[in-house]
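Got the model open in your viewer? Let's take a short walk through it, one selection after another.

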Amino acid sequence: MRDFVITTDSTVDLPKEWLEEHRVPTLRLAYTIDGETYPDMEGLSKKDFFDRIRNGSLPTTSQVTPGQARELFESIIKEGKDIIHIGFSSGLSGSCGSEQIAAQQLSEEYPDARIIVIDSLCACLGEGLLLYYVLKLQKEGKSYDEIVTWAEKNKLHVCHNVTVDDLNHLHRGGRISKATAILGTMVKIKPMIHVDNEGKLSVIGKERGRKKSLNRIVDVMEEQMKGWDNEIVMITHGDCEEDAQYVAGLIREKYGIDNILINDIGTVIGTHTGPGVIATFCMGNHR
């Protein structure tokens, strides 16, 4: 049996050091801000990035190309190893499609190699949580096919609970109307968002006021997690560490989960959510 490598996209938003420690080759999407383009995870500090947005900069992002994916995948294949790639949701980016094109091309050129690109239908640390469990299975000695089967079966059990501080970033991304963004901002409405079964962002509720929205993204986890053993919960934030720690405290108090990974949201995902975003990620019965 050939060895295999698990790869992913930078949109997992796990710490760069964590990915390096776990030896996960990563395809980088890119962001452009104030006329300069950088690979995701590089360039500006998160603080500088979000401060620029606060001051009026409007960054954009670009997806992984088939050429980028091919370069990484082929380097692994030439080492005699197979690949399982955990890709960013096709509902939010064309990156997964580019990676599938590269995988198909290489499968024809290297018929002995196995390359499977899993459309995670997840984003940010939701994608990261799926990667976490896939790596755990690999460490436990599960086979290539067992891991692929588990990931496909469980990817829709990754629950994303999100609230944002500024509705205008959702408007820019086409998620809500301009009128809704203006009105919601005036009355301090904070939307509740999740990633649906098509891997797309969906506004599913609203709270008036920041503290209520933070409490809500923790409360909804109770029904989601029934019957699931969550050994870890992940939290991401857009330059609002204090709010992330508040949410982590609620999770520890309410659910007794101490293993909580907190990380800044990445520059690519952060482009579309803006500063002030807070999200929790857990395994659960439904999204």
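Start by selecting residues 82-87, which are strand 6, together with strand 7: the two run parallel and are joined by five bridges. Strands here are DSSP runs of E, at least two residues long, and helices are runs of H or I, at least four long, both numbered from the N terminus. Click on H85 and look across to V117, its bridge partner in strand 7.

A word on what you're looking at: this is a predicted model, so local features need pLDDT of at least 70 and side-chain atom pairs count only at pLDDT 80 or more, while totals for chains, interfaces and linings use all residues. Residues are numbered from 1 along each chain as its sequence is written, and side-chain values use heavy atoms, leaving out hydrogens and water.

Now widen the selection to the whole sheet. It's an open one of four strands in the order 2-1-6-7, with parallel pairing; two strands pair if DSSP finds at least two bridges between them. At the edges sit strand 2 (26-27) and strand 7 (115-119), each pairing on one side only.

What lies across the sheet? Select residues 95-109: that's helix 4, lying across strands 1, 2, 6 and 7 and running at about 165° to strand 7. (Angles run from 0 to 180 degrees between N-to-C directions, with axes fitted to C-alpha atoms, for helices over the stretch in contact.) Helix 6 (144-154) packs on the sheet too, touching strands 1, 6 and 7, and its direction makes about 15° with that of strand 7.

Stay on helix 6 and add helix 5 (124-139). These two pack at an angle of about 155°, with axes 10 Å apart, and are therefore roughly antiparallel to each other (the label for angles over 145 degrees). Show side chains for L130, Y133, V134, L137 and Q138 of helix 5 and I147, W150 and A151 of helix 6, which make the contact (heavy atoms within 4.5 Å).

Next, pick E74 in helix 3 (66-77). Is it buried or exposed? E74 is buried, at 16% relative accessible area; the cut-off for buried is under 20%, with exposed over 50% and partly exposed in between, using a 1.4 Å probe and protein chains only. Beyond its neighbours within four places in sequence, E74 is in contact with L106 and Y110.

Last stop: helix 9 (210-219), where R210, S213, L214, I217 and V218 are the buried residues. Among the elements they pack against are strand 8 (158-163), helix 11 (241-255) and strand 13 (278-283).

Technical notes: Parallel < 35°, antiparallel > 145°, perpendicular 65-115°, else oblique.
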